[in-house]
Amino acid sequence: MAAVRVAPVTLLRGTLQVPPDKSLTHRAIMLAGVSGREVRVGRPLDSADTGATLQALEDCGVAVTGHLGDAVRITGRGLRGLRPPPALDCANAGTLMRLFSGILVGQRIDHVVLDGDESLRGRPMTRIARPLRAMGAQIFTAPGGTPPLVVSGGAPLRGIEHHLEVASAQVKSCLLLAGLFAEGTTWVHEPVPSRDHTERMLEASGVSVLREGGAVGVAGPVEGLALPDMEVPGDFSSAAAHLVAGALLGDPEVRLEGVNLNPGRTGLLAVMRRMGVEIREEPGAPVAGEPCGTLSVSRTDDLRATEVAPHEVPSMIDELPLVGLLAARASGTTVVRGAAELRVKESDRIASVVRALRGLGVDAQEREDGFAVAGGAGIRGGSMDSVGDHRLAMLGAVAGLVSREGVSVGDFGAVAVSYPGFARDLAALGAVPA
Ligand code: S3P
């Protein structure tokens, strides 16, 4: 898609219902597809990523009525009833490829090839393939440990105890899902807890999830799942772009309603507060077993630099690029450490964030495991490219609003991966992308 130019604005104000959560939508579709009942998922995210997941389930014989963005009724085929075609397209979605592999290894199938776009083809899959093989599964990667994956099902699986080197909800979820089919208990230890959406949804579906010390486990084999009808709450990661824009331009305030406030997702709040931003949090009723509420934020003129420590990274992994924008306006040097995982996201987000910020006049430096931004001078503006990464496209648009000269964002269309209505929502707050 062509470049979009985002002009500076003097203020943003208003209230938004942010789009439904991407992580929860992927999981709801998958667990509904292997439930033993018809499940209504209300307000599932309509995006390229979640569309790929719905298509994958339909390709496996799951009957679906309704539409993403509104509501879907998914007639589950039971835990072992999927009928995959020879190949499934995971598009740009790492969550789909990693979580669904954990389900596919438990199906009575010959083999299925899981592939994706150029970005997904560069992402590490050994982190799921190796432990799944230790469980007895047949799963193979391309030579570099990347997609395409070849997954065979039906081999007897046994529970394992696996220690993750890097916290990853995707890997943890993949192994817990495979654990549903395994003889014995599958335990996953994480150095720092990652988002626990899968655990909550499994529990709601009737599976007892074990927690001991820092480990989480499931005892298999499980006979069946019954995901209850559910609504998908708003996505904190999508809210984060408006939260940062609001911290820089909110007057009197930017208010974000119905946001999922799972503590495994909201690390950005603590970091922003340390930088001097006042964020008001009004808790609401839980949705789908997830804490939810309203966030509001106003313009903060005297931002202070901060250090993001390694233990904070998992709870704000997708929001770290946005920290670069706050840092550009803060006094002092902000440093993000322990975030090497950013190098294997939809793009190498250490390289792509630093390149984008530097191109807009910000003093940003790459570190092996993060980045540093010397702030104070703000954002001049200019042009940057999303490199096909949705989080970079959003970063560019917010940068444009707070810049002196505006920002032209190349391949802005990448936002469709998680937030197709992003430009419309920015406009509703008073920003007008051209
Ligand atoms: C996700 C987990 C995170 C995150 C990704 C979605 C999920 O990845 O970056 O966008 O839905 O579980 P990792 O858990 O692999 O860090």
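The ligand is surrounded by Ser23, Arg27, Thr95, Ser168, Ala169, Gln170, Arg195, Ile317, Asp318 and Lys345, where a residue is near a molecule if one of its heavy atoms lies within 4 Å of it. This is a predicted model, in which local features need pLDDT of at least 70 and side-chain atom pairs count only at pLDDT 80 or more, while totals for chains, interfaces and linings use all residues. Residues are numbered from 1 along each chain as its sequence is written, and side-chain values use heavy atoms, with hydrogens and water left out.

By class, the shell around the ligand holds two nonpolar, four polar and four charged residues. Here Ala, Val, Leu, Ile, Met, Phe, Trp, Tyr, Cys and Pro count as nonpolar, Asp, Glu, Lys and Arg as charged, and the others, Gly among them, as polar. Helix H1 (22-33) and helix H5 (169-179) each contribute at least two residues to this shell; helices (H or I, at least four residues) and strands (E, at least two) are DSSP runs, numbered from the N terminus. The ligand lies between domain 1 (4-20 + 233-433) and domain 2 (22-231), because both give residues to the shell. The domain bounds come from an automatic or database domain assignment.

Polar contacts are pairs of N or O atoms within 3.5 Å. The side chain of Ser23 has an N or O atom 2.7 Å from an oxygen atom of the ligand. For Ser168, the distance from a side-chain N or O atom to a ligand oxygen is 2.9 Å, and for a polar side-chain atom of Thr95 it is 3.5 Å. Of the 380 Å² of accessible area that the ligand has on its own, the protein covers 96%, with areas from the Shrake-Rupley method and a 1.4 Å probe.

The backbone has some further features. Most residues other than glycine have a negative phi, and most peptide bonds are trans. Pro147 and Pro148 are joined by a cis peptide bond, with omega about 0 degrees. Pro148 is in the loop between strand S8 (138-140) and strand S9 (149-152). Another cis peptide bond, also with omega about 0 degrees, joins Asp251 and Pro252, and Pro252 is in strand S15 (residues 250-260). Arg43, which is not a glycine, has a positive phi of about 55 degrees. The loop that holds Arg43 runs between strand S3 (38-42) and helix H2 (48-59).

Methods
A polar contact is a pair of N or O atoms within 3.5 Å; within protein, one must be able to donate a hydrogen and the other to accept it, and residues adjacent in sequence count only if both atoms are side-chain atoms.
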